[in-house]
Every structure is written in C-alpha cells, then in structure tokens.
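Here is a quick briefing to read with the model open beside you. Keep the sequence at hand, and let's walk through the fold topic by topic.

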Amino acid sequence: MLTAAIAADPSNVKFRFKHNPTAAAYHWQIDDVQLIELYENDMKNDYSFFSHTGTGEEYGRIPQSQLYSTMLVGADVTNNGANDQTNVTVSVNVTGPTPFNTTINGGTIAPGVSATIDQNFALPTLTTGVYNGTTTVSADAPDQVTSNDTYLRNFEVNNSVY
C-alpha cells in the first residue's frame, strides 16, 4: 500500500530493482512484476478461529467434559481496498448437532490495515459430533472481491479424545 507515500506527487514514482552479481548463489529473483490498481472496496478474511480455551489454542477434537461455557470466535481480516471500510463485521455461523451463530462488530478499518475481530461467545450446550464453522467479513460498502471474504474451520466435540 503506497498511497500515503506517493500522495504528494504520484506522477513521479520510480521503482528500482538492483542485483549484486558477487552475492552468494542463493538469492531472491524478481519475476513477473505487476503494478495493479487496488479495488475501492475489498475486505479479506485472512484466518478464522474457534478457541474453546479462550486463549487462542484450537483443538480439532474437544472432549465434551472439558468444553468451557464460552468459546473465543472470530477472524483476522485485512482491508485490501483503497477506501476506509466502515461498519466492518464478522459473521460466525456454525452448523452441526447444536448450531450457533453470532455477529461481531469491528468498526472502521483503514486501507492496508489488518485487524483481529473476535468475541468470547457464550456457547449453547454442545452435543457430540462434528461442527462446521464459517466466518464471513463484510462492511457497509459492497465488496468487489467476494471470493476472499469467507474462511472455513471445523472441530469435533466427542466423549474422550483431544
């Protein structure tokens, strides 16, 4: 995101790539450089989480006897667009034997900024079985790239095994 750095004179922006021929044999190479204009409105869901411990650890299987009454749910999101995104929300929808859902407000996110939007959600009594969680990020402005708005996570509540 170079908007702030080039705002004074965007017509005089220059890029330079330099190679040191005496460097070691292992080095980075530049290939297929592209300069693209950002979409005006593009929120991206980078990662979502369902932490039954409330401190970030996630387990694919959770013994029902060790399931807490709350679960930390949410997502790490990035504003990939050129405009501020207002009223950013993360919708959490979990299907399975005991479905649940919530919407978490994230406020306004500036261009190029990443944020964690989460909530300690009071769980219903989860019965044993596999749960499929979907988190979707949205904002007031219609998203121009909807293919990166959703992230999927699964977990299982069982009788005995982590």
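In which strand is the place of asparagine 87? Asparagine 87 sits in strand E4, and we'll come back to its backbone below. Bear in mind that this is a predicted model. The chain has one helix and eight strands, and E4 is a good way into them, since E4 pairs antiparallel with E5 and also antiparallel with E7.

**Overall build**

- Reading from the N terminus, the elements go α-β-β-β-β-β-β-β-β.
- The radius of gyration of the chain is 21 Å, whereas a compact globule of 162 residues would come out near 15 Å.
- Along the principal axes, the C-alpha atoms take up a box of roughly 60 × 45 × 25 Å.
- Buried residues make up 30% of the 162 in the chain.
- The exposed surface of the chain is about 10,400 Å², with 49% of that coming from carbon and sulfur atoms.
- If you take the contacts between residues at least 6 apart in sequence, 72% of them link residues at least 24 apart.

**The E1-E3-E6 sheet**

- E1, E3 and E6 make an open, antiparallel sheet of three strands, in the order E1-E3-E6.
- The edges belong to E1 and E6: each has a single partner strand, so each has one side without a neighbour in the sheet.
- From one strand to the next, the twist averages 15°.
- E3 and E6 run antiparallel and are joined by nine bridges.
- For one of the pairings to look up, threonine 70 has alanine 122 in E6 as its bridge partner.

**Pairings around E4, E5, E7 and E8**

- Eight bridges hold the antiparallel pair E4 and E5, and serine 91 has its bridge partner in E5 at threonine 103.
- E4 and E5 also form a hairpin, with four residues between the two strands.
- Glycine 96 lies in that turn and has a positive phi of about 150°.
- On E4's pairing with E7, count seven bridges, again antiparallel.
- Two places to check there are valine 90, which stands opposite valine 137 in E7, and valine 94, whose bridge partner in E7 is glycine 133.
- E7 in turn runs antiparallel to E8, with eight bridges joining them.
- Tyrosine 131 is bridged to phenylalanine 155 in E8.

**The nonpolar core**

- The largest nonpolar core has 24 residues, and the members that touch the most others are Val77, Phe100, Leu126 and Phe155.
- At least two core residues come from each of the strands E1 (43–51), E3 (70–79), E4 (85–95), E5 (100–109), E6 (114–122), E7 (129–138) and E8 (150–158).
- In soluble globular proteins, nonpolar side chains tend to be buried together.
- What does leucine 126 contact beyond its neighbours within four places in sequence? The list is Gln64, Leu67, Thr98, Phe100, Tyr131, Phe155 and Val157.
- Among those contacts of leucine 126 are Phe100 and Phe155, both named above with the members that touch the most others.

**Valine 88 and asparagine 87 on E4**

- Valine 88 has its place in strand E4.
- Is valine 88 buried or exposed? Its relative accessibility is 0%, so valine 88 counts as buried.
- Leaving out residues within four places in sequence, valine 88 is in contact with Met43, Ile104, Asn105, Gly106, Gly107, Ile109, Ile117, Val137, Ser138 and Ala139.
- Valine 88 and isoleucine 109 are 21 residues apart along the chain, and their C-alpha atoms are separated by 7.3 Å.
- Asparagine 87 is partly exposed, at 41% relative accessibility.
- The backbone of asparagine 87 deserves a look: phi is positive, about 55°, although this residue is not a glycine.
- Most residues other than glycine have a negative phi.

**Histidine 52 in its loop**

- Where is histidine 52 found? Look in the loop between E1 and strand E2 (61–63).
- Despite the loop setting, histidine 52 is buried, with 2% relative accessible area.
- Not counting residues up to four places away in sequence, histidine 52 touches Glu57, Tyr59, Ile62, Gln66, Leu67, Tyr68, Thr70, Met71 and Tyr162.
- One of those, Thr70, is the residue bridged to alanine 122 in E6.
- Another, Leu67, is also in contact with leucine 126.

Note on methods: Residues numbered from 1 in each chain as written. Predicted model: local features only at pLDDT ≥ 70, side-chain atom pairs only at ≥ 80, totals over all residues. Heavy atoms only, no water. Core = buried A, V, L, I, M, F, W, Y, C linked by side-chain atoms within 4.5 Å. Buried < 20%, exposed > 50% of the residue type's maximum accessible area, 1.4 Å probe, protein only. Contact = heavy atoms within 4.5 Å. Pairing = 2+ DSSP bridges. Axes fitted to C-alpha atoms, helices over the stretch in contact; angles between N-to-C directions. Rg over C-alpha atoms; globule rule 2.2 N^0.38 Å. Areas by Shrake-Rupley, 256 points an atom, 1.4 Å probe, with all protein chains shown as cover.
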